[in-house]
Amino acid sequence: MLPVQRRRASIPWARPRCLSVAQRQREACTGLTLKAPVGSVSGMRIVLMGAPGSGKGTQSQRLVERFGIPQISTGDLLRSAVARGTEYGRRAKAAMDSGQLVADEIVLGIIRERLAERDAAHGFILDGFPRNLAQAQALRTMLAGIGAPLDAVVLFEVDYAEIIKRISGRRTCPQCGRVFNLHDASSGSTPRCDHCDDHPPLVQRRDDEEGTVRRRLEVYERETRPLAQHYAAQGLLRTIDADGPVEEVTARLVATLSSVPPAQPSAHAPQTAP
Ligand SMILES: [Zn+2]
């Protein structure tokens with residue numbers, strides 16, 4: 001249920017504002033100085049859900065760095081399974097080659113295999129799955145079957161107008177692939193890559209065009225957003241305001257997760273260092 005969309009979603013979508021490398025490095029250096037309480041997030045099993053461009057990919061990465069629990073990105077897993085030629089990978093490839101969506105059963109199989117790996121015994125962050133109610137129900141059954149129920153589902157609330165503005169401002173260097181944002185550039189600067197020697201003009205990827213962004217938001221609103229209710233009914237839902245600087249959102253996310261009581265303490269893996 002994802003090939004094309006996830007392939008898009010895993011590239012620069014994950015970065016809410018892709019800036020220069022120097023800026024990214026600055027972000028990486030300053031982003032982990034948080035005041036939120038630490039401790040209980042390690043070992044948690046979490047789903048992050050949010051609209052395309054809501055920054056959940058970036059925030060997943062922050063949690064990975066901070067707590068050492070692996071991020072399970074279904075798009076990446078699927079590509080890896082295909083590349084390695086596993087049983088599920090072969091079936092996924094057959095579906096994609098014939099222009100079909102990869103069946104939920106295959107995606108779930110790949111997730112289950114990934115969760116059996118050692119690092120996932122200490123919790124995981126699921127990013128990009130589930131995307132609809134049927135997937136959410138199948139996931140719940142699968143996780144119950146392996147004794148690893150979710151602790152929390154975090155919904156990233158963002159202003160859609162802001163997402164559209166941000167994403168449609170993205171420009172990519174055709175040579176080095178770096179992503180810039182017109183809205184972050186100083187006024188009067190020409191949209192050219194300042195990392196490549198010959199400063200090629202930046203281009204707008206089709207995925208970043210406003211019409212594409214609007215369509216993806218519509219799909220999210222129609223199919224994925226309703227999962228909030230589903231998870232609220234199970235007592236798992238936490239909502240955070242995902243607008244604002246990356247570090248502030250990280251602080252909100254960590255504070256929110258730290259306040260989640262473990263649903264089933266006995267199911268938690270021992271909280272040893274990874
Ligand atoms: Zn470049």
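Here is a short walk through a predicted model, with three stops to select in your viewer.

**Stop one: helix 9**

Select residues 210–224, which make up helix 9. Put a distance between the C-alpha atoms at its two ends and you should get 20 Å. At 1.5 Å a residue, the 15 residues ought to span 21 Å, so the two values agree.

Now show side chains for V213, R216, L217, Y220 and T224, the buried residues of this helix. They cover an arc of only 100 degrees around the axis, which puts them on the same side of helix 9. The reason such spacing works: an α-helix has 3.6 residues a turn, so residues three or four places apart point the same way.

What do the buried residues of helix 9 pack against? Colour strand 1 (45–50), helix 8 (160–168) and helix 10 (227–233), and you have the partners.

Then spin the view around to the face turned away from the buried side. There you'll find G211, R215, E218, E221 and R222, which are exposed.

**Stop two: the loop before helix 7**

Jump to P130, in the loop between strand 3 (124–127) and helix 7 (133–145). Zoom in on the peptide bond joining F129 to P130: this one is cis, with omega at about 0 degrees.

**Stop three: H199**

Last, pick H199, in the loop between strand 6 (179–181) and helix 9. Check its backbone: phi is near 45 degrees, a positive value in a residue other than glycine. Is H199 buried, exposed or partly exposed? It has 13 C-beta neighbours inside 10 Å, so H199 counts as partly exposed.

Key. Residues numbered from 1 in each chain as written. Predicted model: local features only at pLDDT ≥ 70, side-chain atom pairs only at ≥ 80, totals over all residues. Helix = DSSP H or I, 4+ residues; strand = E, 2+ residues; numbered from the N terminus. Expected span 1.5 Å × (residues − 1). Buried ≥ 20, exposed ≤ 12 C-beta atoms within 10 Å, placed from the backbone. Arc of directions from axis to C-beta. Contact = placed C-beta atoms within 7 Å.
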